[in-house]
Amino acid sequence: MAGSTLEIKDLHVEIEGQEILKGVNLTVKGGEFHAVMGPNGTGKSTLASAIMGHPKFEVTQGQVLLDGEDVLEMEVDERAQAGLFLAMQYPSEISGVTNSDFLRSSINAHREEGDEISLMKFIKEMDAAMDTLDMDKNMAQRYLNEGFSGGEKKRNEILQLMMIQPAIAILDEIDSGLDIDALKVVAKGINEMRSENFGCLTITHYQRLLNYITPDKVHVMMQGRVVKSGGPELAERLEAEGYDWIKQELGIEDETISQKA
Amino acid sequence: MTVKVSLPYDKDYVSNFSQGLNEPDWMTSLRLNALDKAESLEMPKPDKTNIKDWNFTEFKHHVEGEAINSIQDLPEQMLNLLDQDKEQQNLILQRNHSVAFSNLDSSLEEQGVIFTDIQTAIRDHSDLVEKYYMTEAVHVDEHRLTALHAALMNGGIFLYVPKNVTIKEPLQTIFWQEDPEAALVNHVLVVAEENSSVTYVENYTSDNKEEKTSANTITEVFAKAGAKVSFGAVDNFEAGTTVYANRRGVTDRDAVIEWALGLMNEGNTVSENITHLIGDNSQSQAKTVTIGRGAQKQNFTANITHFGKGSDGYILQHGVMKDKSSGIFNGIGKIEHGASKSNAEQESRVLMLSKDARGDANPILLIDEDDVTAGHAASVGRVDPMQLFYLMSRGISKFEAERLIIHGFLAPVVNQLPIEAVKQQLRQLIERKVY
């Protein structure tokens, strides 16, 4: 069976009464890597968070479907169990809960009761993933994200991605705050996930990540909508020329989501 | 003008009680003086908690407890507190007011370690006990409850570790208030001589949901120069027992006292945990976790007072409050004049699980010296929705996510308890109280 399909249709999202997303349309299929690009303040991270069910965002219109199932009707944990994953820009720190206990609970949450992953298998898989990501093995016993550096947090997000093996992953600015070596390591982990059964939506405002994770499709967001889509060549042109030509083409003066008076 | 109060036990009773135990004269007169003072002294006044109507006077003062021959004869509830796979248990079980079982590794005895019930210690090691018993750490006349304690003390432990003796295996005491109305007026005295090291863990347990009684327990820990004492406790009195628990420590030069207190009583509780860092470069960590539920009212004070130069104190108080319970957390870091280069840190956090619960975190730094460092963090709030979102975004249910967060919040004490069985017990208590 080929992978899953995530469909975002005419999605409108508000935070505290202000509309941020104003009708986003996007479809991600298993085997595809999509990149959503755009300047700051254009709604990219809101899109990522709203799909996962972030408590602060309210969907006012539109649909999100995973293999035809209404994602917006699901609780956050149900969305994850259905196959969605969000690598967060600012992962929470949770004191007293070890990284490894958390990971094991996450994996088991995706499995039937009575079919929990064995400790041996878990450790083996975790060790292998940590090796790929060049992570210190002690990180497994540290408390979840507590005192982790920015780079360690990002690696830890990708560690979870590799262990949970979701159908569709959304990576929210996974490259921010990473130096070039860390970026390569993180990209290596993501590239290991590539398969027919894995679709990925990467949100970034730097083209440099896309040098390591080649996207099949690139989308540009402005003013809370996808304003342009294309292939990898679109990302390259953005790298070379910036966003101004798109603004001119579309007659946009302020690309951000306009503030209320 | 002071008001005379009627006390539940009179001079004749106390005098007969003391003689019945063959106590030395110093102890009998200490008791009688204390009884005298108890009549006129005021009750303690814990900040923001009114204990005027709490029961500290109705209880049974002396109840025998049946001895047991071997650990295996213990009821399951007690067995669960022991690491049963260990061959040798350094253990004392106090059942009501009697020692029901006691065992100490013979090699420790040979090294001069004393681990015995307080009454035996008062008879057999009278001078040693007299030197430390309510002389330096806790004083008889602090308030009515310390005086009442001194007058009516009816159980407890004496632990003495000679110079340079390092005890690797933890020593454990179980205080079992089996009779629903028996009052544990326990005195625990720990003396660790120079450069010695010991880990001690105590459990308090009772079953009296309805029957009323009280517990008035005082602990005094002395860590001499270079000594290290790790003190773990899980208090788990049932709802009928009103508790006053006072745990004090005194450190000499380079000494360390580590407290890990799981205060899991079901009834109204006042807990004081005070450490005096007397010697230079001495240290204390005082960690407390607790859960309040029902209509329970609790007041927790953790105080580390610095006298020695370069002394280091860290207070951690984490409380979970649910239902209509109320918990007041006072964290006091005090640096006296002359205690230069000292460091006083504290963290008080209260997690509220219901809108009717009340939690107050009162961090207080009192500093009379310039050349010091100090810091505090305090928060009262609900489970962080972002933490929940994060965990749930990995497929973990809301229930399980909250459970992880709460266990994590209380982990600082759980993880520090050195006996696996006691750790497990505290985890189970947390589980039972929260859900």
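A residue is called buried here when its relative accessible area is under 20%, exposed when that area is over 50%, and partly exposed in between. Keep that scale in mind on this walk through the structure, which is a predicted model.

Our first stop is a pair of charged residues in chain B. B:Glu272 is buried, because its relative accessible area is 14%. B:Arg248 counts as buried too, with a relative accessibility of 6%. The two residues form a salt bridge, in which the closest N and O atoms are 3.1 Å apart. This pair links distant parts of the chain: B:Glu272 sits in strand β12 (residues 269–277) and B:Arg248 in strand β10 (residues 241–251), 24 residues apart.

A second salt bridge in chain B is worth finding next. The side chains of B:Arg95 and B:Glu178 meet with an N to O distance of 2.9 Å. B:Arg95 belongs to strand β1 and B:Glu178 to the loop between β5 (171–177) and β6 (186–192), so this bridge ties together parts that are 83 residues apart in sequence. What about the cover around each partner? B:Arg95 is buried, at a relative accessible area of 11%, whereas B:Glu178 counts as partly exposed, at 31% relative accessibility.

Just along the chain is B:Asn96, in the loop between β1 (91–95) and β2 (98–103) of chain B. Its backbone deserves a look. Most residues other than glycine have a negative phi. B:Asn96, however, has a positive phi, near 50°, and is not a glycine. With a relative accessibility of 3%, B:Asn96 counts as buried.

B:Asp323 also has a positive phi, about 50°, without being a glycine. This residue lies in the loop between β15 (312–321) and β16 (326–335) of chain B. Is B:Asp323 buried or partly exposed? Its relative accessible area is 34%, so B:Asp323 is partly exposed.

Now move to strand β18 (residues 358–367) of chain B, where you will find B:Asn362. At 13% relative accessibility, B:Asn362 counts as buried. Its side chain makes a polar contact of 2.9 Å with the side chain of B:Asn330. Apart from neighbours within four places in sequence, B:Asn362 is in contact with B:Asp47, B:Lys48, B:Ile328, B:Phe329, B:Asn330 and B:Gly331. One of these contacts, B:Lys48, leads to another group of charges: B:Lys48, B:Arg358 and B:Asp360 are linked in a network of salt bridges. Over all chains, the count of salt bridges comes to 31.

The last stop in chain B is helix α8 (residues 385–392). Six of its eight residues are buried, so the helix is largely enclosed by the rest of the structure. Which residues of α8(B) are buried? They are B:Gln387, B:Leu388, B:Phe389, B:Tyr390, B:Leu391 and B:Met392. At the N-terminal end of α8(B), B:Asp384 acts as a cap, with a side-chain oxygen 2.9 Å from the backbone nitrogen of B:Met386.

Let us cross over to chain A and begin with its overall form. Chain A contains eight helices and 12 strands. Its C-alpha atoms fill a box of roughly 60 × 40 × 40 Å along the principal axes. For 261 residues, a compact globule would have a radius of gyration near 18 Å, and chain A agrees because its own value is 18 Å. Of the 261 residues of chain A, 54% count as buried. The chain exposes about 11,500 Å², with carbon and sulfur atoms supplying 44% of that area. Among its contacts between residues at least 6 apart in sequence, 71% join residues at least 24 apart.

Chain A has charged residues to visit as well. A:Glu255 and A:Lys247 form a salt bridge, their closest N and O atoms being 3.0 Å apart, and both residues are buried.

A:Lys44, in helix α1 (residues 44–52) of chain A, offers another picture. A:Lys44 is buried yet has no salt bridge, and the nearest side chain of opposite charge, A:Glu173, is 4.2 Å away. The cut-off for a salt bridge is within 4 Å, so that distance does not qualify. A polar atom of the A:Lys44 side chain does lie 3.1 Å from the backbone oxygen of A:Pro39. Not counting residues up to four places away in sequence, A:Lys44 touches several residues, including A:Val36, A:Ile203, A:His205 and A:Met221.

Notes
Residues numbered from 1 in each chain as written. Chains lettered and ligands numbered in written order. Predicted model: local features only at pLDDT ≥ 70, side-chain atom pairs only at ≥ 80, totals over all residues. Heavy atoms only, no water. Helix = DSSP H or I, 4+ residues; strand = E, 2+ residues; numbered from the N terminus. Buried < 20%, exposed > 50% of the residue type's maximum accessible area, 1.4 Å probe, protein only. Lys, Arg positive; Asp, Glu negative; His and termini not counted. Polar contact = N/O pair within 3.5 Å; in protein donor to acceptor, adjacent residues only side chain to side chain. Contact = heavy atoms within 4.5 Å. Rg over C-alpha atoms; globule rule 2.2 N^0.38 Å. Areas by Shrake-Rupley, 256 points an atom, 1.4 Å probe, with all protein chains shown as cover.
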